[in-house]
Amino acid sequence: MAAPMNSPPRRGLVLLCLLLGGLWEIRASQIRYSVPEETVKGYVVGNISKDLGLQPQELAERGVRIVSRGRTQLFALDPRSGSLVTAGRIDREELCAQSARCLFNFKVLVEDRVQLYGIEIEVTDMNDNAPKFQAENLEININEIAAPGTRYPLPEAVDPDVGLNSLQSYQLSPNHHFSLDVRTGDDGTLNPGLVLERALDREEEAAHHLVLIASDGGEPRRSSTVHILVTVLDMNDNAPVFAQPIYQVTVPENVPPGTQLLTVRASDPDEGTNGEVAYKFWKISEKQSPLFQLNEKTGELSTAKSLDYEECAFYEMEIQAEDSGGLKAWTKVLISVEDVNDNRPEVTVTSLFSPVREDAPQGTVIVLFNAHDQDSGRNGQVVCSIQEILPFRLEKSIEDYYRVLTSQILDREKTSEYNITVTATDRGTPPLSTEIHITLHVADINDNPPSFSQTSYAGYLLENNLRGTSIFSVTAHDPDSNENARITYSLEEGTIQGVPLSSYVSINADTGVIYALCSFDYEQFRDLHMRVRASDSGNPPLSSSVSLNLFVLDQNDNVPEILYPAIPTDGSTGVELAPRSAEPGYLVTKVVAVDRDSGQNAWLSYRLLKASEPGLFAVGLHTGEVRTARALLDRDALKQSLVVAVQDHGQPPLSATVTLTVAVADSIPDVLTDLSSLEIHSAPEASDLTLYLVVAVAAVSCVFLAFVIVLLALRLRRWHTSRLLQASGDGLAGMQASHVVGVDGVQAFLQTYSHEFSLTSDSRRSHLIFPQPNYADTLISQESCEKKDPLCLSEDSKFPIEDTPLVPQAPPNTDWRFSQAQRPGTSGSQNGDETGTWPNNQFDTEMLQAMILASASEAADGSSTLGAGAGTMGLSARYGPQFTLQHVPDYRQNVYIPGSNATLTNAAGKRDGKAPAGGNGNKKKSGKKEKK
C-alpha cells in the first residue's frame, strides 16, 4: 500500500521538471546581444554560430538566415566567421525615440531543422545628439508693472538621447533683472522659467537681451542656445486664463483629414486689444506638428493629415494663449488615437522548401511563414487556415509564425505541383483577411520503372529482308521526369540455334527500334523469341522487360524439289515400266516433290509439259500420279518420254521439271532387249529422245556400210590380181555378222543383211550392184565419192570397168542434215559437216550394230580386247573430226564372238576400274525381225 500513497507526489515532481525544462528550452532559445549605436557596417555584434552550437561553415550548409516581419534588416550573418554583424548604420533615436531601453528583436531560422531562435539586441545610446530648441530666437513681452518674482515659462530644449546623454541642465546669461528657475516635471523633464528679480522700467530700458543655454551630460558635453528678447510693455494687468488646464480627446484613427478634434478657450477680462487672445502651439514635436492644425483666433484644433494608430497611439502638446498686452497662459492637450480594424493581416513567407521530394516523410515542413496584423487587441489577432483537400496541415510554431507540414506521402506522378492558398483572418469587426498563394513543386525520385503498353509483343517479318531493315519498334513509358524518365532500350542476352541473339538483331538504345542484322530465312527458323529491356537513367536505375516474338513470314523463294524419280548421279537412265496390257488409268509411276516453303507457297500442282506420244499419259494435278490415259496399242513406241512440270502457288510461281522414261513392254526382258537403243538427250529442247538415238545409230551404220564397201573393193582387186575371176556366175561371198551382241549388259538382236554383187567375165567392164534399201531415208553421200572412197573406182583401177560407171545415186535428202543444236557433241556445239547424214530408224540402227560387230571380229584377230585406239570406224572421215565413237553408244563392251573364246571389253571401262559384263545375256533368235 506504500507505493500508491507515494505516487501523487512523484507525478507532481515529474510535471514540475517537465515545466522547468520547457521554460529552460524557451529561455535557452533566446539569444541576447548589445551594440552601440552609430556603429559602422560590418561591426561584429556576437558569435552567433557558437551560440547556436554550429561551426561557421555550417551556417550556409544548414541554411541559417535571419527572418523579420518586413522591417529593414539592420543585421546580417557573416558565413566566413559565423558572426552576427551590422548591415548598416544604426540610429537608436530613430528606432526607439525616447524609450529607456532600445531593444531590436528578430528571428534566426535553421532551415534544415526548421527551428527558430529569437535574437534580442539592445542598442545602447551614444551622445550623438545635442539639445535643441524649437526656435533659435524668442521674444517675451513683460509689462513694466510686473511684480518681482513673476515666473515666465521658457521653451524647453529637446535631446533625443537618453540617460546622461540627454538634457541635464539650463543656464541663463547673467543680468540684473532676471534669473533662471528650472523645475522638474512628474515625467522627469526639466521645465525652464524666467523669474523677474527686479522691477522693470520701460523708460530706463525698453528691451533686455538674454541667452539661454541647454546642456546634456554626455561625453563630450553638447549644448545649444536660444536668444531671448525681453520687451518691456506698457501696463496690462490681466492675463488670459484657459477654461481647462488639460484638454483630453479620443479619436478613431480613421478620421479624415480636417476633422475638428476640440476647441481650447482662454478668457481675458481686459478690454480692447488687451482682451484679445491669440492661440498657438507652444510645445509640440516635429513629427506631430504636421498632423494637426490650430486656429489662432478660435482655438479649434483639427487634423491636418490622417492619423495612424500603428504609428502613434497618443499625442501630447501644449497650447499658448496670449493677449495683445503680452500676457500669456498655457494649457495641455492630450489626444488618444483609437484603433480601428483598418489593417489586413500581413503574411510573409519566411522559408519555402520547394521543390520537396515526393518520398518526404509525413510531417515534413515545406513552408514557414509569419502572419501579423498591425492592429491591436482583437483586431490584431490572426487566424490562419489552408484548404482541407490538400495533403498538408497547418501548425503554429512560435509567436505569430506558422508552418505547413505534409500530412501524407506525396506522389509526383499524380500531382506534380500544388497551389496552396493560405488565408489569414483577424478577429476584428468586420474581420479582414489576406490570402497568399504558394506554389509547391514536388521533386521527382526514381520510384517508377519503365512500363510497356503491352505484356508481350508480336511482330511479323518477311524473309529475305535487307540487312539493317527496321523490323519492329517498342515504346516504354516512365511516369517519372527528367533523367528518371529517360529510357534506354536493350536486348537481354540470348541465343538462337546456338548463336548469340546480337548476331541477328540490334536495337536503338534511344528509340527502341529493332533492326535486322542479317537476312532471315523462313526455312532456317520461323520465329525469334527475345526480351527487350527498358531502363531509366535514375539513381538507382529501374528497369522492366517485355517479351517480343518475331515471326518470319514465308516468301516463295524455293523451287519445288523433286524427290522421285531422283536424278541419277552415275549417268544411268531411270526407266518406268508400263505393260502393253495396261488399262486406262493404270498407275505407271508417281512424281513426288516437296517445297521447302510453307502455306500457299508450298502447294504443288503437277502437269504434263511434254510427251513423245500426246494423249497416252495423264498426270494428276495434285497427286503427281502418272497414269495411262488410254489403252496401249501395238503401234505405240517402246520408249515414251514424259516431261512433268511441278509448280507451286506462290507469287511469282516457281516450278521444276523432271523427265520420265516409260518403257512399254509386258515384261522386263522385253524392256532390256530394246533399252540399248534408248538414250536420253540432256538438251531441254529435245521433245523426242528416241529420235536422237536412232539417228546416231543410223549414222554409225552408214559409216560401217562404207567400211564394208571399201573392204569388198579391196577383195575384188585381190581377185583381179590373182586372176581368180572365171565365170559370171561366181558370186562374192558376203560377210557374216554375228547375230548376238551384248551392249551394256542389255541383249540386242541383229539381223542379217544380203547384198548382191554382179560382175561380167566376158568384158573388162564390171557391174557392181548395191541393192536399194527398203526405205527412202538411206542415201550414199556424193561427198564420199568425191573423197575417193575405195568403193568408187577410178581410172587407175585394174578392173576394166571404164565403160561401166557406178550406179548414180540420188542427191542427199536435206531433211537428214542436222541443225546446229542436233549435231554430235556437247549441246550441238561441234561444227560438223552440213551435208552429213544420220540414221533415224531401226533398220539403220541394226546395220550400225552389224558394222560394229564386224569391226570387233576383225579386231579380235589380233587381240582379245578392243583398245582405246580402235579408231573411229570411219566416222570421222564422214562426219568430221569432231565426231568420234564417244558420240554413239559404246557397243564394244561384252561382245561375244562366235567360235572364239575372246571377249571384247571396253578399254575405257578398264581404266574406270569396272569389270566387263558378260555377254551371256538373254539370247533370242532374231529370225522374226530379219529384213532382206
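**Close-up 1. Asp 444 is a buried residue in a loop.** With a relative accessible area of 16%, Asp 444 is buried, a word that stands for under 20% relative accessible area, whereas exposed stands for over 50% and partly exposed for what lies in between (1.4 Å probe, protein chains only). This is a predicted model, in which local features need pLDDT of at least 70 and side-chain atom pairs count only at pLDDT 80 or more, while totals for chains, interfaces and linings use all residues. Residues are numbered from 1 along each chain as its sequence is written, and side-chain values use heavy atoms, with hydrogens and water left out. Asp 444 sits in the loop between strand S31 (433-443) and strand S32 (451-452), where strands are DSSP runs of E with at least two residues, numbered from the N terminus.

**Close-up 2. The side chain of Asp 444 has a polar partner in Arg 412.** The two side chains are joined by a polar contact of 3.1 Å; such a contact is a pair of N or O atoms within 3.5 Å, and within protein one must be able to donate a hydrogen and the other to accept it, while residues adjacent in sequence count only if both atoms are side-chain atoms. A polar atom of the Asp 444 side chain also lies 3.0 Å from the backbone nitrogen of Ser 481.

**Close-up 3. Trp 282 and Trp 330 form a tilted aromatic pair.** Their centres are 5.8 Å apart and their planes meet at 55 degrees; rings of Phe, Tyr and Trp (its six-membered ring) pair if their centres lie within 6.5 Å, and planes under 30 degrees apart count as stacked, over 60 as edge-to-face and the rest as tilted. Trp 282 is buried at 13%, whereas Trp 330 is partly exposed at 29%.

Methods:
Helix = DSSP H or I, 4+ residues; strand = E, 2+ residues; numbered from the N terminus.
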